[in-house]
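Here is a friendly walk through this model, beginning with the ligand and moving outward to the strands and a helix. Keep the viewer open as you read.

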Amino acid sequence: MLRALQLAASPGVPLGPNPRVGCVLLAPDGTIVGEGYHHGAGNPHAEIEALKVAGDLARGATAVVTLEPCNHTGRTGPCSEALIEAGVAKVVVAQRDANPIAEGGLDTLAAAGVEVGHGLMADEARALNPAFTFAHEHARPYVTWKFATTLDGRSAAADGTSRWVSSPAARRDTHLLRALCDTMLVGTNTVEVDDPQLTVRGPDDRPLAHQPLRVVMGERDLDPDRRVFDTAAETLHLRTRDPLEALTSLYREHGRHHVFFEGGPTLAAAFLSAGVVDEVVTYVAPMLLGSGTAAVGDLGIPTISDALRLEITDVTVVGEGTEANVRLKLQPAKG
Ligand code: AOF
Ligand code: ZN
């Protein structure tokens, strides 16, 4: 399984929408007769790659796979059937597939008389595909909320100006994080006030070829001249103010697994109140305003003991001197 996990993590596999999967085929004496990994959506699955290598040696073999073999015909055919046809005797998987469209492979295999097992190094397998795993288990995408703030917790000055709270180095760092997500999300107010591009840009400030989906949520009509409607990436206007409804739709109708949320204080408060912020990334700038807009709006918390508590998972200084920002990564405290 360790070998299968290593194969799954092979470099060069595009991030999403498909999970990273590795497969090793073992002869009854334990020698490896085939191995393979999934090279990304549209390509054969890991099991098919390994079966190709093994040929006739797959008969009677044990397949060790990081994810439960799929049971559906999507971009490719069902791996459960391919393993049965190849005469594989036993299938051991780390993680069961929570994707409702693909799951059920182990049941199909067992019904065909193949010996099956699951759970071996399951945590490691889940960690390979955290957003895929989270999204299918919660029927909504994983949400990373990012904001920049001054040392006194403000994201804009009294006159509304907010360019720039975070330093150039922090803004470049943000593009690296955006690139790890499949969706960018803000509210209509941010589009009206800040007119962001919501693209992933390289060091030369040009948009990269592959862009996350841009999503604007809110009922308000938007000016089509806003930069979010340029041709650099696809954009979706979700006419709802309900965070969970928006996220459910992004999962169900648009197959999204990881939302990078850069909403303003009102929408941020709505997401936090709805309990749908899974990770917080904040850049704290060494700057004081003393007045202005707080990074997050009213959460309806009257007293300190009711504070929404987070746990710090990472602290990194980005940039140098007066340009240095502290990047904090946090997650909601458990319990
Ligand atoms: C496997 N082996 O290597 C992978 C699996 O559109 P498709 O046909 O590529 O199917 C994608 C779904 O199949 C994906 O969402 C996940 O549930 C499963 N991925 N399954 O047996 C693999 N990559
Ligand atoms: Zn498959």
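## Around the ligand

This is a predicted model. There are 18 residues around ligand 1, and those that come nearest are Val21, His45, Gly74, Asn99 and Ala102.

What is the make-up of the shell around ligand 1, in nonpolar, polar and charged residues? The shell divides into 9 nonpolar residues, 6 polar ones and 3 charged ones.

## The annotated domain

An unreviewed UniProt entry lists residues 1-117 as "domain: CMP/dCMP-type deaminase". Over residues 1-117, helix accounts for 26% of the chain and strand for 22%. The C-alpha atoms at the two ends of this stretch are 12 Å apart.

## The sheet

Let's turn to the strands. An open sheet is formed by 5 strands, with mixed pairing, and reading across it gives the order S2-S1-S3-S4-S5. At the edges are strand S2 (32-37) and strand S5 (115-118), each of which pairs on one side only. From one strand to the next, the twist averages 15 degrees.

How is strand S4 joined to S5? Strand S4 (residues 90-95) runs parallel to S5, and 4 bridges join the two. If you would like a spot to look at, find Val93, which stands opposite His118 in S5.

## A helix across the strands

Helix H2 covers residues 46-54 and lies across three strands: S1 (22-26), S2 and S3 (62-67). Relative to S2, helix H2 runs at about 145 degrees.

Methods: Residues numbered from 1 in each chain as written. Chains lettered and ligands numbered in written order. Predicted model: local features only at pLDDT ≥ 70, side-chain atom pairs only at ≥ 80, totals over all residues. UniProt positions renumbered as here; feature names shortened; annotations may be inferred. Near = placed C-beta within 6 Å. Nonpolar A, V, L, I, M, F, W, Y, C, P; charged D, E, K, R; others polar. Pairing = 2+ DSSP bridges. Axes fitted to C-alpha atoms, helices over the stretch in contact; angles between N-to-C directions. Contact = placed C-beta atoms within 7 Å.
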